[in-house]
Amino acid sequence: QAEAALKPVMGTAACVALLLKQIALSPEAGVRQIAAVILRKKIGKLWKKTKKPIREAVKTGLLERLSTEPERAVRKSVAALASAVAKILVPKHQWPELLAFISQCATSQQSPQHRELAHLLLLQLSETVATALASELGQLANLFRSALEDSERAVAVMALRACCAFVSTLSTDDDAMLFRDLVPPMA
């Protein structure tokens with residue numbers, strides 16, 4: 001019954017705002033997670049149909065949710081959604097706030113969850129927009145270096161996964177040299 005009621009809306013740009021509202025405001029973690037998963041699957045087709053104020057709300061809302069989401073599984077789903085949006089925007093340089101957010105999270109002294117999240121986002125971005133981040137390789141290498149030495153194992157492991165994913169996308173030996181010495185510091 002609920003599925004039948006939602007079906008007419010799901011193929012329209014209106015569902016972007018409705019799902020974003022659930023991600024941001026639902027008290028139920030499962031609802032937030034499912035809304036993020038559904039929106040991730042729909043966002044590629046609906047982005048151009050979505051009005052500019054809603055697009056801006058998506059960008060802002062995702063970063064806010066990522067920074068405040070207490071549930072790890074929901075954070076991962078929202079991060080996957082952010083990566084899907086980044087696939088559309090980062091190559092066109094239309095979401096600089098995302099890279100600033102990642103940098104801020106990666107250097108957070110108070111929150112290992114934020115440091116892990118930064119590298120989860122980098123892992124997911126490596127799969128979709130690594131070439132668009134070529135100008136940021138030096139900064140990324142420094143973020144990876146710090147995270148690989150992190151005392152929190154989850155942060156170091158996620159950083160290692162993200163670093164390996166980025167290295168596999170590099171097209172020149174010069175780019176790869178930036179990452180050459182990163183793995184030995186991991187304890």
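Buried residues, meaning those under 20% relative accessible area with a 1.4 Å probe and protein chains only, make up 42% of the 187 residues in the chain. On the same scale, exposed is over 50% and partly exposed is in between. This is a predicted model, where local features need pLDDT of at least 70, side-chain atom pairs count only at pLDDT 80 or more, and totals for chains, interfaces and linings use all residues. Residues are numbered from 1 along each chain as its sequence is written, and side-chain values use heavy atoms, with hydrogens and water left out.

**Overall build**

The chain has ten helices and zero strands, so no surprises in the pattern along the sequence: α-α-α-α-α-α-α-α-α-α, where helices (H or I, at least four residues) and strands (E, at least two) are DSSP runs numbered from the N terminus. The radius of gyration is 17 Å, which agrees with the value near 16 Å for a compact globule of 187 residues; it is taken over C-alpha atoms, and the globule rule is 2.2 Å times the number of residues to the power 0.38. Along the principal axes, the C-alpha atoms fill a box of roughly 55 × 30 × 25 Å.

Of the contacts in the chain with a separation of 6 or more, 66% are between residues 24 or more positions apart; contact here means heavy atoms within 4.5 Å. As for the surface, the accessible total is about 10,100 Å², and carbon and sulfur atoms hold 55% of that (Shrake-Rupley method, 1.4 Å probe; for residues, only the protein chains shown count as cover). There are 24 positive and 17 negative charges, and their mean positions are 11 Å apart. Lys and Arg count as positive, Asp and Glu as negative, while His and the chain ends are not counted; each charge is placed at NZ of Lys, CZ of Arg, CG of Asp or CD of Glu.

**The aromatic pair**

Search the whole structure and you get one aromatic pair. The ring centres of Phe144 and Phe166 are 5.9 Å apart and the planes sit at 55°, so the pair is tilted. For the cut-offs, rings of Phe, Tyr and Trp (its six-membered ring) pair if their centres lie within 6.5 Å, with planes under 30 degrees apart called stacked, over 60 edge-to-face and the rest tilted. Phe144 belongs to helix 8 (residues 137-148) and Phe166 to helix 9 (residues 153-169), so the pair ties together parts that are 22 residues apart in sequence.

Phe166 also turns up in the surroundings of Ser126, a residue of helix 7 (residues 112-128). Leaving aside neighbours within four places in sequence, Ser126 is in contact with Ala165, Phe166 and Thr169.

**A few residues by accessibility**

| Residue | Relative accessible area | Class |
|---|---|---|
| Phe144 | 0% | buried |
| Phe166 | 0% | buried |
| Ser126 | 5% | buried |
| Arg65 | 12% | buried |
| Arg180 | 52% | exposed |
| His93 | 63% | exposed |

Arg65 is in helix 4 (residues 52-68). Not counting residues up to four places away in sequence, Arg65 touches Ile23, Ala24, Arg32, Pro70 and Val78.

Arg180 is in the segment after helix 10 (173-177). The C-alpha atoms of Arg180 and Arg145 are separated by 11 Å, with the two positions 35 residues apart along the chain.

His93 is in the loop between helix 5 (72-89) and helix 6 (96-106). Its phi is near 55°, a positive value in a residue other than glycine. Most residues other than glycine have a negative phi.
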